[in-house]
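Please take a moment to look over the sequence and the model, and keep both at hand while reading. The paragraphs that follow move from charged pairs to the whole chain, and then to a few local regions.

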Amino acid sequence: MSKEDIVKRIEELREEIRHHEYCYYVLDSPEISDAEFDLLMRELEELEKEYPELITADSPTQRVGGEPLSAFEKVEHSTPVLSLSNSFSEGELRDFARRVYKLAGTGALDFVLEHKVDGLSAILKYEGGIFTSGATRGNGIVGEDITENIRTIRSVPLKLPESINLEIRGEIYISKKDFIRLNEERLDNEEEPFANPRNAAAGSVRQLDPRIAASRPLSMFAYDLVYVEGRNIRTHVEALEFLKEMGFKVNWYQKCTGIEEVIELCNEWAVKRDDLPFEIDGMVVKVNDFALREQLGATAKSPRWAIAYKFPAQQKTTVVKDIIISVGRTGALTPTAVLEPVQIAGSTISRATLHNEEEIKRKDIRIGDHVLLQKAGDVIPEVVKVIKEKRTGNEKPFIMPAECHVCGAEVVREKGEAVARCTNITGCPAQRREGILHFISRDAMNIDGVGPALIDQLLEKGLIEDYADLYALSFEDLLPLERMGEKSAENAVRAISESKERPLHNLVFALGIRHVGAGTARILASRYHSIEDLAAASTEELEAIEEIGPVIADSIVNFFSSEHNRQVIEKLSRHGVKMRAEKTAGEEDKSGFLAGKKFVFTGTLEKFTRSEAKEKVLSLGGQVSSSVSRNTDYLVAGESTGSKLDKARELGITILDEKGFMELLGEQE
């Protein structure tokens, strides 16, 4: 064939492959078999391999994923990507409509209702009809460049039918069927399964290696037209129809006249949500008319013309097969219901904590009971109630054991406490194990590469008795252990050694003193600059600290009065663990920068975990609370905020997005 014929054949193959990708991944209606599609793709790959100068960015062969990235570049969005306010009831939807009617000056207008797909938002740009870039939402102002990973998603067109410039928003997700298959593959490969489809989608999109993203069954619904050149599109319905014309996959939507029709459909979908091939956690209500949207505007965080309606917690019935006991690091005995496995909100639930004996009595939960189960906040499984009508008489009441099933020691429930505890504080293997796991955790000594499986082996083989013994481990000790190669052993030894330099407040928290959380540990480390000073503190002295009450003070004094604990701390010191705070003069000057300021966090932050952000505030002398009140100075609002944001607005609290929070701290993005 001549070069002209080659060019022509390559273009024919690309168009044919694009057509079949559209039929398969967008319309879900394939016209040819997988084998026939593979033949077309193979022919194109061979021609492009022979003539690499003819490869273009929009070729279907470019979906396979390029070289791994070292990091994601930051991308500033052309327009802010605002998060939606949430509603949880029919009344709140009607309140939203009343606000819209009042601002619009009319009592009748059209809304558009859509599924709130549980995935990851993305912003895509096309120039001259060619896909050029894609980014995550990030903090709404700046996101991460995930262009190469989006390029791997088959339902995303790389070339549009028109040479047009546009920007869209979409939701990247994994279907229920593909999620099950993906987890089966991970289990076959002895990898941890994903918790739910949303985590799987988000984790796949944020892989630095595009080839990993290409191997995952990602799909995307386009749901918003941000900008289009040369088109006069006046409504959201027109925009969605236009996106369909351009080859995008668009999900179900319905134009509704008035809020009552919206409410009726929301209630219908709350019942039908399980019938969908993908997870949704609610519905999205939008004003249809674009001109009216401009008139309505937005608050600092959310558009006034749209709202999310979140479904009530999904509930299923199942059977309590057994109630088992686990022993925590402080000796607390926690009952857990072993359940007939049931699917709720995208994950299989087979266990649910029952908290304590009083909770079991209050709900009258018995072994063999049929119970109503839900995910609190769509995350934590909880037993809502017992379905007593289904009792047969064979159900067995639960009795808290009088002895610890691990060590045989007496179990005591102290006056005024709901929790029963094993009294063998230093000798119970379960408490010892949990104490070591607490010691190595992220907010404590953060020993990477040392996890529960390795700790179990170390205890079983007698290589350690307590957390101080970790620092005596050598490469030679670890190498013979199961699933421990040379690299893993080297990494574990290095991580253990590096943890010796952790700040004092992390060590105080890591010791596992009862009632001393990460925040209290920081307060103690700022007052007592060494473990020695803290150990010498009296109950009266500790109680004089504003944030330390008598219970915490007694717990600290009791901890350091234990001979066993003093010996473990002495071992830590001998192994070189830093026992004293060491701050530079500059750090001392800044330590009280936020003194007296109270912060509350809501939503998901891009650059910090919640605990990291909290630690930033505490390190600068500030305080962190879990609830908004008139005493709150700042609410830091990330993505997917809840009712805290509304309350902060009502009270006139200063609201910071993540960028504002970083500016307050004096940090660069």
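A salt bridge is counted here when a side-chain nitrogen of Lys or Arg lies within 4 Å of a carboxyl oxygen of Asp or Glu. Side chains of opposite charge can pair when their charged atoms come close. The model is predicted, so local features need pLDDT of at least 70 and side-chain atom pairs count only at pLDDT 80 or more, while totals for chains, interfaces and linings use all residues. Residues are numbered from 1 along each chain as its sequence is written, and side-chain values use heavy atoms, with hydrogens and water left out.

With this rule, the count of salt bridges comes to 42. Some of them join up, and one network links Asp364, Arg366, Asp369, Lys388 and Arg391. Others can be followed as single pairs, such as that of Arg9 with Glu43, whose closest N and O atoms are 2.9 Å apart. This pair links distant parts of the chain, since Arg9 belongs to helix H1 (residues 3-26) and Glu43 to helix H2 (residues 34-50), 34 residues apart. Helices (H or I, at least four residues) and strands (E, at least two) are DSSP runs, numbered from the N terminus.

To describe how far a residue is covered, the text calls it buried when its relative accessible area is under 20%, exposed when it is over 50%, and partly exposed in between, using a 1.4 Å probe and protein chains only. On this scale Arg9 is partly exposed, with a relative accessible area of 22%, and Glu43 is also partly exposed, at 29%. A salt bridge also joins the side chains of Arg433 and Glu434, at 2.8 Å from N to O; Arg433 is partly exposed at 23%, and Glu434 is partly exposed at 27%.

Turning to the whole protein, one finds 25 helices and 24 strands. The radius of gyration, taken over C-alpha atoms, is compared with a globule rule of 2.2 Å times the number of residues to the power 0.38. For this protein the radius is 29 Å, close to the 26 Å that the rule gives for 669 residues, so the protein is as compact as a globular protein of that length. Along the principal axes, its C-alpha atoms fill a box of roughly 85 × 65 × 65 Å. Of the 669 residues, 47% count as buried. If contact means heavy atoms within 4.5 Å, then residues 24 or more positions apart account for 67% of the contacts with a separation of 6 or more.

Within this whole, a sheet and a helix can be read together. Four strands form an open sheet in the order E5-E4-E7-E8, with antiparallel pairing, where two strands pair if DSSP finds at least two bridges between them. Strand E5 (130-136) and E8 stand at the edges, each with a single partner strand, so one side of each is left without a neighbour in the sheet. Strand E4 (residues 120-127) is joined to E5 by 6 bridges, the two running antiparallel, and Glu127 has Ile130 in E5 as its bridge partner.

Helix H8 packs on the sheet, where it touches E7 and E8, and its direction makes about 120° with that of E8. Such angles run from 0 to 180 degrees between N-to-C directions, and axes are lines fitted to C-alpha atoms, for helices over the stretch in contact. In H8 (residues 236-245), the buried residues are His236, Val237, Ala239, Leu240, Phe242 and Leu243. What covers them includes strand E7 (166-173), strand E8 (219-228) and helix H10 (290-296). Glu238 forms a salt bridge with Arg234, at 3.6 Å from N to O; Glu238 is partly exposed at 29%, whereas Arg234 is exposed at 52%. Just after H8, Gly247 takes a positive phi of about 95°.

Further along the chain, Leu504 lies in helix H16 (residues 504-510) and is buried, with a relative accessible area of 5%. Leaving aside neighbours within four places in sequence, its contacts include Tyr528, Ile531, Met579 and Ala581. Leu504 and Ala581 are 77 residues apart in sequence, yet 5.3 Å apart in space from C-alpha to C-alpha. Thr520, in helix H17 (residues 518-527), is buried at 15%, and touches His515, Ile548 and Ile552 when residues up to four places away in sequence are not counted.
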